[in-house]
Amino acid sequence: MVATRNHPSTFPSPDLTPSKEIAPRAKPYPTHPWTHTPRALTLLWLMVSLPLVAWDSGYVIFRPHTMPGGKWHQPLYTPYALYATVDYMYGWPAYESGNGFTLAQGSLNVLESIGYLAYLYVFCMHGEGHWALVEGQRRSIRGGWGGLACLLGFSVSLLTFSKTALYALNEHFSDYRYIGHNSFSRLVFLWILPNGAWLLLPAYMIYAFGKDILQGLSIAGGDQGSQVARATKANSSPRSSSKSAKRNTVSITSKGLVPTKDD
């Protein structure tokens with residue numbers, strides 16, 4: 001029989017509390033490095049339209065000096081001698097009647113150009129990457145500057161589209177007072193097609209900028225159903241992260257932290 005006289009009279013009470021497993025805190029949904037990359041068509045359109053809008057604004061604002069017979073008409077504004085016979089809003093009939101709609105539109109042209117130049121400034125100064133029009137190699141803008149660029153592009157494109165639509169609707173509801181004297185072919189080639197470009201291209205830019213804005217908002221809001229979020233989720237390999245979480249679980253027992261084995 002084993003003697004127990006020298007053994008302590010009291011034994012430590014056993015720890016009957018169930019072991020607690022502590023899993024590492026789940027990482028937040030991975031954020032995608034959202035960037036704004038201008039479309040090649042947008043950059044090409046701005047390179048073409050900005051000089052034309054500046055030319056047109058100069059003609060409208062400095063009338064009658066830029067009109068036929070004016071001291072600044074030749075050689076810079078010679079083509080307007082023809083266009084003023086197609087659209088009387090640019091000719092003598094509207095000017096002599098005191099119609100201010102053309103000048104109001106010209107003033108908005110200046111505001112529109114300032115907005116596009118601000119967009120290009122942000123793109124040039126804060127963009128990263130190559131100066132190329134090839135997809136995948138074009139400069140892009142990250143973070144807040146990218147959001148500002150998208151907001152500028154979307155707002156000014158909407159201004160351009162709305163201004164041009166208002167110009168066409170004004171002519172329609174005025175019973176074609178200033179263009180109704182043209183033949184159909186002359187009207188199509190000298191009025192509808194040139195002005196239609198300022199509807200189609202800004203409409204495309206509204207779609208492109210709006211799509212980028214919605215993608216950025218979807219990522220910021222944690223929308224895992226968006227296209228960009230799904231691509232991010234696939235790259236983050238959640239299965240492997242869940243397995244590693246199982247491996248890294250530990251148990252708190254009376255002996256301290258004890259790693260648990262996978263099931």
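Where is the place of P75? In this predicted model, P75 sits in the loop between helix 1 and helix 2, and the description below starts from that loop before turning to the helices.

**Backbone features in the loops**

The loop that holds P75 also contains P64, which is found between helix 1 (40-61) and helix 2 (80-86). A cis peptide bond joins R63 and P64, with omega of about 5°, and a cis peptide bond likewise joins Q74 and P75, where omega is about -5°. Most peptide bonds are trans, and most residues other than glycine have a negative phi. With regard to phi, D175 has a positive value near 60° although the residue is not a glycine, and D175 is found in the loop between helix 5 and helix 6. G222, placed just after helix 6, takes a positive phi of about 75°.

**Helix 6**

Helix 6, made up of residues 184-220, counts 37 residues and reaches 51 Å from its first C-alpha to its last, a span close to the 54 Å expected at 1.5 Å a residue. Within helix 6 there is nevertheless a kink of about 35° at I192, shortly before the proline P194.

**Helix pairs**

The two helix pairs described here are set side by side in the table, after which each is taken up in turn.

| Helix pair | Axes come within | Crossing angle |
|---|---|---|
| Helix 4 (residues 101-126) and helix 5 (residues 143-173) | 9 Å | roughly 160° |
| Helix 1 and helix 6 | 11 Å | roughly 140° |

The axes of helix 4 and helix 5 cross at roughly 160°, and since angles over 145 degrees count as roughly antiparallel, helix 4 and helix 5 are therefore roughly antiparallel to each other. Helix 4 passes helix 5 in a left-handed crossing, and the residues of the contact of helix 4 with helix 5 divide into 15 nonpolar, eight polar and two charged.

For helix 1 and helix 6, the axes cross at roughly 140°, and these two helices are therefore oblique to each other. The crossing in which helix 1 passes helix 6 is left-handed.

**Aromatic residues**

The structure holds 15 aromatic pairs. Which residues form one aromatic cluster? The members of this cluster are W55, Y59, Y77, Y80, Y83 and Y90. A pair of aromatic rings is described by the distance of the centres and the angle of the planes.

Terms used:
Residues are numbered from 1 along each chain as its sequence is written. This is a predicted model: local features need pLDDT of at least 70, side-chain atom pairs count only at pLDDT 80 or more; totals for chains, interfaces and linings use all residues. Side-chain values use heavy atoms; hydrogens and water are left out. Axes are lines fitted to C-alpha atoms, for helices over the stretch in contact, and angles run from 0 to 180 degrees between N-to-C directions. Helices (H or I, at least four residues) and strands (E, at least two) are DSSP runs, numbered from the N terminus. Angles under 35 degrees count as roughly parallel, over 145 as roughly antiparallel, 65 to 115 as roughly perpendicular and the rest as oblique. A crossing is left-handed if the near helix is turned anticlockwise from the far one by less than a right angle, and right-handed if clockwise. Ala, Val, Leu, Ile, Met, Phe, Trp, Tyr, Cys and Pro count as nonpolar, Asp, Glu, Lys and Arg as charged, and the others, Gly among them, as polar. The expected span of a helix is 1.5 Å times one less than its number of residues. The bend at a residue is the angle between axes fitted to the seven residues ending there and the seven starting there. Rings of Phe, Tyr and Trp (its six-membered ring) pair if their centres lie within 6.5 Å; planes under 30 degrees apart count as stacked, over 60 as edge-to-face and the rest as tilted.
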